[in-house]
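These are my notebook entries on one protein chain. I record what I looked up and what I found.

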Amino acid sequence: MPSLSNTQLELLKEADLESLHLSPELIAQIATLADPQQLTDEQLLEFLQVCNALYRSGEPLISDADYDFIFLAELQKRHPHHPYLETVEPEVVAVGKTVALPEPMLSTEKTYSQSGIEKWLSRLEKAAEDCDADFSTLMIRATPKLDGYAAYDDGKLLYTRGDGRKGTDISRVFERGLKVGGNGKRGQGAGEIVVSQTYFNNHLAEYFENSRNFQASIIKEKDLEQHALEAIQNHAAVFFPFSQLPAWQGTSAEVLADFDHVIETVYTSVDYDVDGVVFELVGNDQLKQYLGATRHHHRWQIAYKSNVETAEVIVLKVTPQTSRSGRVNPVAELTPTKLSGAVISRATAHHYGMVKELGIGVGTLIELTRSGLVIPKIERVIIPKEPQIPEHCPSCGSELVWDSDYLYCLNTTKCPAQIENTIEHFFRTLANVDGFGQKNRRKTPRLRHQLGLCRLSAGHGAIAGHGLWRQNRAKPAGSIATQQIRIHRRLALSGRFRHSPDGAGQLRAPASTPSPDGYFQSDR
Ligand SMILES: [Zn+2]
């Protein structure tokens, strides 16, 4: 009979979940069965809350994948606009003192259609009538909705958003050199810690699964990891106050007259991850006050998010690709499927831990989602099959070694894929230098012999920072594979080649772009 640990029981008591109906026995059973279809809506929601509370306290009940792909996905399927999906941010618990925020950081009401914006504008019109304001001249401001790590800067301290009312003091990120975006001034209230997409693709994609992982690492880690520190020093990562964001401004009539264009302009106005456009009433504080707020959001503000499209797709095979760090990444080859206007034939499966855990192989039926122009992702596995996991490096044939969720080729000095991808990366960061354009880069295998670069260590990417997918998860340490990786890292550290942290020049280098079939080539 499955059961919760004493620590978990203790934490549940402390978590103070309002009127929990599920018994500890039932919670343990649901976790083990991982079959949410037989749960009622209430049970499912309670279970998610329990998982979230335990996860935040560092005693996770189920794996990330189970949480995202099984339980959260079920709620999303049943109620695509359920408040739980919108209010609870998958925020990493920051270490530090919990303090009351100077002012509450509410969520933003969301809509997925133009008609949702039209309805919001009619509500403003009605309120304007009540307040004797001229609706036709009211100004609406539209800003990008940053997809970063929300925080609040009161000039002295920086707080996490926490539950919106109480946050954690993370002022140490400023002590580490983090700058404020826009006019650079402290004390401008709410904003987000974000990282330049261009910089992330060129310098961090190798070490962090996504920018969210990276943002979390800036806040969380005791000793800042070298790549994160460089990103801060290069001002590629900043705290960006909302008030400093570039904005489109116009009347409600202008919003509706050119809606798609406004959305596109605002979406692409910053080089940070954006997951929507925030519309808000500006310039009439009396009306804003009249509109007020619910417990959840301000009524004078709304976020537009582009629709998420979903398709069920069959996996043809899983192809391993060796990156310059030696990490072997799984790419799921799919039955070509049209999604959000593009034909998708490949999707990344993050890592082989996920392939193994979820059963991704020939014939697996997956659910693929794509939101706007974002890279499509494997949302969940519907029908698992025998996972397709390579034993040998597809490039050099060396035996592969596991390190937590990742497979590695340890042949750092002779593996052609590692060497070529390193050189490719090296030249890409020099893209603007004469003689190192596209054409010459194709000649790199010959060039590297001429330059005597064959001895360079392609393994520097494995020095630190990989495996952050579970950085805050308890994990048994010291397996033989882990030890081998550590040795491998030390060897890599002694390599002759170190990639230059000269951020200013590198920021101009071209960003990785999604290829026509939507597969994101960040590691080539
Ligand atoms: Zn290899």
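**Entry 1: strand E19**

Which way do Tyr406, Leu407, Tyr408 and Cys409 point from strand E19, and are they buried or exposed? I found that Tyr406 and Tyr408 point one way, Leu407 and Cys409 point the other way, and all are buried. A residue is buried if 20 or more other C-beta atoms lie within 10 Å of its own, exposed if 12 or fewer, and partly exposed in between, with C-beta atoms placed from the backbone. Helices (H or I, at least four residues) and strands (E, at least two) are DSSP runs, numbered from the N terminus.

I note that this is a predicted model, in which local features need pLDDT of at least 70 and side-chain atom pairs count only at pLDDT 80 or more, while totals for chains, interfaces and linings use all residues. Residues are numbered from 1 along each chain as its sequence is written.

I then looked up the partners of E19, which covers residues 406-409. Two strands pair if DSSP finds at least two bridges between them. Strand E18 (residues 400-403) pairs with E19 in the antiparallel sense over 4 bridges, and tryptophan 402 has leucine 407 as its bridge partner there. Strand E14 (residues 327-339) is also antiparallel to E19, over 2 bridges; here arginine 327 is matched with tyrosine 408. The hairpin of E18 and E19 has 2 residues between the strands, and its serine 404 takes a positive phi near 45°.

Leucine 410 lies in the loop between E19 and helix H15 (416-428). Why does leucine 410 count as buried? It counts as buried because it has 23 C-beta neighbours inside 10 Å. Its C-alpha atom is separated by 7.6 Å from that of serine 398, 12 residues apart along the chain.

**Entry 2: the whole chain**

I recorded 19 helices and 19 strands in the protein chain. Of its 524 residues, 34% count as buried. Two residues are in contact if their C-beta atoms, placed from the backbone, lie within 7 Å. Among contacts with a separation of 6 or more, 72% are between residues 24 or more positions apart.

**Entry 3: two open sheets**

Strands of a sheet pair through backbone hydrogen bonds, either parallel or antiparallel. I traced one open sheet of 5 strands in the order E2-E12-E11-E3-E10, with mixed pairing. Its edge strands, E2 (110-111) and E10 (248-250), each pair on one side only. E2 runs parallel to strand E12 (residues 301-304), joined by 2 bridges, and lysine 110 stands opposite alanine 303. Helix H12 (residues 259-267) lies across E3, E10, E11 and E12, at about 45° to E3. For such angles, axes are lines fitted to C-alpha atoms, for helices over the stretch in contact, and angles run from 0 to 180 degrees between N-to-C directions.

Another open sheet of 5 strands has the order E5-E4-E8-E9-E7, again with mixed pairing. Its edge strands are E5 and E7 (179-180). E7 and E9 run parallel and are joined by 2 bridges; valine 180 stands opposite phenylalanine 239.

**Entry 4: the nonpolar cores**

A nonpolar core is a set of buried Ala, Val, Leu, Ile, Met, Phe, Trp, Tyr and Cys residues joined through C-beta atoms within 7 Å. The largest has 33 residues, and those with the most contacts inside it are Ala151, Val195, Leu204, Ala231 and Ala237. The elements that each supply at least two residues of this core include strand E8 (189-195), helix H8 (197-204) and helix H10 (226-233). Leaving aside neighbours within four places in sequence, the contacts of valine 195 include Phe200, Phe214, Ala231 and Ala237. A second, separate core of 30 residues includes Phe69, Tyr406, Cys415 and Ile423.

**Entry 5: helix H2**

In helix H2 (residues 24-33), I found Ile27, Ile30 and Ala31 buried. Seen down the axis, the buried residues of H2 fall within an arc of 100°, so they line one face of the helix. The arc is that of the directions from the helix axis to the C-beta atoms. Glu25, Thr32 and Leu33 are exposed on the face turned away from the buried side. After H2 comes alanine 34, with a positive phi near 45°.
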